[in-house]
Amino acid sequence: AMMPPLAATTWAIAFWLCSAASAQESIDLDKKNAPPSKSVDGIVGVPIDILKLQGTVVFDVEQKKALATADLVFEMTGEGGFPLFDLRQTVSKASINRKEVSPELLSNHDFGKQAGTMRLLKESLAAGAQHTLHLEYEISKPASPKSMDLGWGEGTIEWDFFFSDLNQGRYLEMWFPANLIYDRFGFDLDLQILGAKEKHQIVTNATVTEVKEQEHWKLSFADSFTSFSQMLVVIPDLMVDRSTSKVKIAGGRTILIDVCRRLEVNQSLKEVHKATADELKRFSKSTAPWPHGDRCTVFVWTGGRSMEYDGATTTSMGALSHELFHSWFG
């Protein structure tokens, strides 16, 4: 994917520089790196520091509906006031600190051509305290430029987080309440598919616990992730094949390579594994040690779009090297 705009790049650099900080240092640095409060439509919006995001998604394949909940735990970055965040779904129910509020109080506000829109909660909150925003909504095509809808089939569901640097509002905020990318936070997601006629795979850079085979999972995305780090693809098992391999890279480390390949891709799983291993060895020697634990996750398709995530990519074979290099830069 192409580089993000200058402001986003600045926040991304700040993220990389302080990714090894302790939990308390991370909170302090996230607040320090937050942009200043901003007046919009006569209201002063205050950036927030997300401490934790917890979400659920239940796909009802028979009804072709996806119901979601989200609990956003956060602090104000400076003074108290009206908190800013983003979400590109239509909220049906909301509460702040267990007090129900009208979804109309979570309206979008336009911050200008370069910035786009963000949501502002019209409920003044105190600084120096934790707050919890609870949201409920049905997932549909995000209100983001060139976003992609859910793919309902006959007894199946396809879902791709489908992040992009090329348009505003195309990171995690497409699906869940999130922030600008100065902010790092953990994200736990309970994901369930009901009424499916086929088994499904999930491909992700989260830590995964399978509750029920190919139907129900618990995902935990790392505390060091920002809103453009999380990768998730949900796809029917019959559309893909998948395997793992291991590669030893510079410094003697061993990396597990997890490859999931759509069946229409011309290259074999073996060819994808070799290409991935070759690039991991090359970049870890020429650039820096692999910065994403002991795993690399690759989802391969045909077509012109590809995207990098932390230690993972959704990609065509032609873009594989480029997208893997983004795990070190960009």
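**Hairpin of β3 and β4.** I started at the turn of this hairpin, where four residues sit between the strands. Lys 64 caught my eye there, since its phi is positive, near 55 degrees. I'm reading all of this off a predicted model.

**The two arms.** I then looked up how β3 (residues 48-60) and β4 (residues 65-76) run against each other, and the pairing is antiparallel, over twelve bridges. To keep my bearings along the ladder I noted one pair: Val 58 stands opposite Leu 67 in β4.

**What else does β4 pair with?** I found strand β10 (residues 131-138), again in the antiparallel sense, with eight bridges between β4 and β10. My marker for this pairing is Val 73, which has Thr 132 of β10 opposite.

**Open sheet.** Next I traced the sheet with the order β1-β2-β5-β9-β8. I put it down as an open sheet of five strands with mixed pairing. Why do β1 and β8 have one side without a neighbour in the sheet? I checked both: β1 (38-40) and β8 (108-110) stand at the edges and have a single partner strand each, so one side of each stays without a neighbour in the sheet. I also looked up the twist, and neighbouring strands of this sheet are turned by 45 degrees against each other on average, ignoring direction.

**The β8 end.** Last, I went to β8 and its pairing with strand β9 (residues 117-120), which is antiparallel and spans three bridges. For orientation here I wrote down His 109, which stands opposite Met 118 in β9.

Notes:
Residues are numbered from 1 along each chain as its sequence is written. This is a predicted model: local features need pLDDT of at least 70, side-chain atom pairs count only at pLDDT 80 or more; totals for chains, interfaces and linings use all residues. Side-chain values use heavy atoms; hydrogens and water are left out. Two strands pair if DSSP finds at least two bridges between them. Helices (H or I, at least four residues) and strands (E, at least two) are DSSP runs, numbered from the N terminus. Axes are lines fitted to C-alpha atoms, for helices over the stretch in contact, and angles run from 0 to 180 degrees between N-to-C directions.
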